[in-house]
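Open the structure in your viewer and keep the selection box handy. We'll go from stop to stop, picking out a few things at a time.

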Amino acid sequence: MMLYGFARGLLSPFLRGIYRLQVEGEEHIPKDGKVILCSNHKSVLDPCLLAISVRKRQIFYMAKSELFEGRWGNLLRRLGAFPVHRNSGDAGSVRTALSLLESGKLLGIFPQGKCVFDATPFQPKAGVAMLAAKSHADVVPACVYCEGRIRPFSQVTVRFGPRIPFADLHVEDGSKTAIKQASCFIAREVNRLLEEKH
């Protein structure tokens, strides 16, 4: 946590200045307890932008395994990130995610898996709903919004929507139908944030 806090304090004034960052809805992030933060993926800077926008607690990110190859892997782990092998049903990353949630952490996920630079709507993904079903965690929808690509001196807005209680997801039975419906519900909430231009 000390390294994470130091890195956040170092990055915050720089990113807030160069990207004219505006944060909305931080009050929707619970101060404690297991929560899944589900966001769209606008740019490679998204983990940093979300991290400096959530001042009250650390975000533990699930990130693609390619990022952990080479010299940066150890640093990412020390900052609380852990790898997921995409398109392979990575059971290890699921266990890590569930362990973090059971210990009351804030888990950050970008279900799109890759950056979507244009205005394509956020598509339903089963991963967040599945983790919520297994952990009984609440979900907070989030978005990183910018007209066009994020570039220096762009107006960037990070929005957090109202917390979705686990009970409202109706995934207690863990069925495929329930997971699909919950995934669509979460996607609608993320898209609603993306559509709030002002």
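## Stop one: two crossing helices

The crossing of α4 and α5 is right-handed (a crossing is right-handed if the near helix is turned clockwise from the far one by less than a right angle, and left-handed if anticlockwise). Helices here are DSSP runs of H or I with at least four residues, strands are runs of E with at least two, and both are numbered from the N terminus. Before you select anything, note that this is a predicted model, where local features need pLDDT of at least 70, side-chain atom pairs count only at pLDDT 80 or more, and totals for chains, interfaces and linings use all residues. Residues are numbered from 1 along each chain as its sequence is written, and side-chain values use heavy atoms, with hydrogens and water left out.

Now select residues 91–102 for α4 and 126–135 for α5. What is the angle between α4 and α5? It is about 55°, and the axes are 10 Å apart. The axes are lines fitted to C-alpha atoms, for helices over the stretch in contact, and angles run from 0 to 180 degrees between N-to-C directions. That angle makes α4 oblique to α5; under 35 degrees counts as roughly parallel, over 145 as roughly antiparallel, 65 to 115 as roughly perpendicular and the rest as oblique.

Show the side chains where they touch: α4 brings Val-94, Ala-97, Leu-98, Leu-101 and Glu-102, while α5 brings Met-130, Leu-131, Lys-134 and Ser-135. Contact means heavy atoms within 4.5 Å.

Stay on α5 and pick its buried residues, among them Val-128, Ala-129 and Ala-132. Buried means under 20% relative accessible area, exposed over 50% and partly exposed in between, with a 1.4 Å probe and protein chains only.

## Stop two: Leu-100

Go back to helix α4 and click Leu-100. Is Leu-100 buried or exposed? It counts as buried, at 16% relative accessibility. Leave out residues up to four places away in sequence, and Leu-100 touches Phe-60, Phe-82, Lys-105 and Leu-107. Try a distance too: the C-alpha atoms of Leu-100 and Val-35 are separated by 9.8 Å, with their places 65 residues apart along the chain.

## Stop three: two histidines

Next, select His-136, just after α5, in the loop that leads from α5 to β6 (138–145). His-136 has a positive phi of about 60° although it is not a glycine. Most residues other than glycine have a negative phi. His-136 is partly exposed, at 46% relative accessible area.

Then jump to His-170, in the loop between α6 and α7. Its phi is near 55°, again a positive value in a residue other than glycine. With a relative accessible area of 55%, His-170 is exposed.

While you're here, click Gly-174, in the loop between α6 (166–169) and α7 (176–195). Gly-174 is partly exposed, at 42%. From its C-alpha atom to that of Met-130 is 7.3 Å, although the two are 44 residues apart along the chain.

## Stop four: rings

Select Tyr-61 and Phe-110. They form a stacked aromatic pair, 5.8 Å centre to centre with 15° between the planes. Rings of Phe, Tyr and Trp (its six-membered ring) pair if their centres lie within 6.5 Å; planes under 30 degrees apart count as stacked, over 60 as edge-to-face and the rest as tilted. Tyr-61 is in strand β3 (59–64) and Phe-110 in the loop between β5 (106–109) and α5, so the pair ties together parts that are 49 residues apart in sequence. Both Tyr-61 and Phe-110 are buried.

For another ring, show Phe-117 with Arg-149: the charged end of Arg-149 sits over the ring, 3.8 Å from its centre. The rule asks for NZ of Lys or CZ of Arg within 6 Å of the ring centre and within 35 degrees of the ring normal.

## Stop five: α1 and α2

Finish with α1 (residues 2–18) and α2 (residues 46–53), which pack at about 100° with their axes 9 Å apart. That makes α1 roughly perpendicular to α2. Residues in the contact include Tyr-4 and Leu-11 of α1, and Cys-48 and Ile-52 of α2.

How many of the eight residues of α2 are buried? Six are, so the helix is mostly covered. Light up Asp-46, Leu-49, Leu-50, Ala-51, Ile-52 and Ser-53 to see them. Their cover includes α1, β1 (22–24), β2 (35–39), β3, β6 and β7 (157–160).
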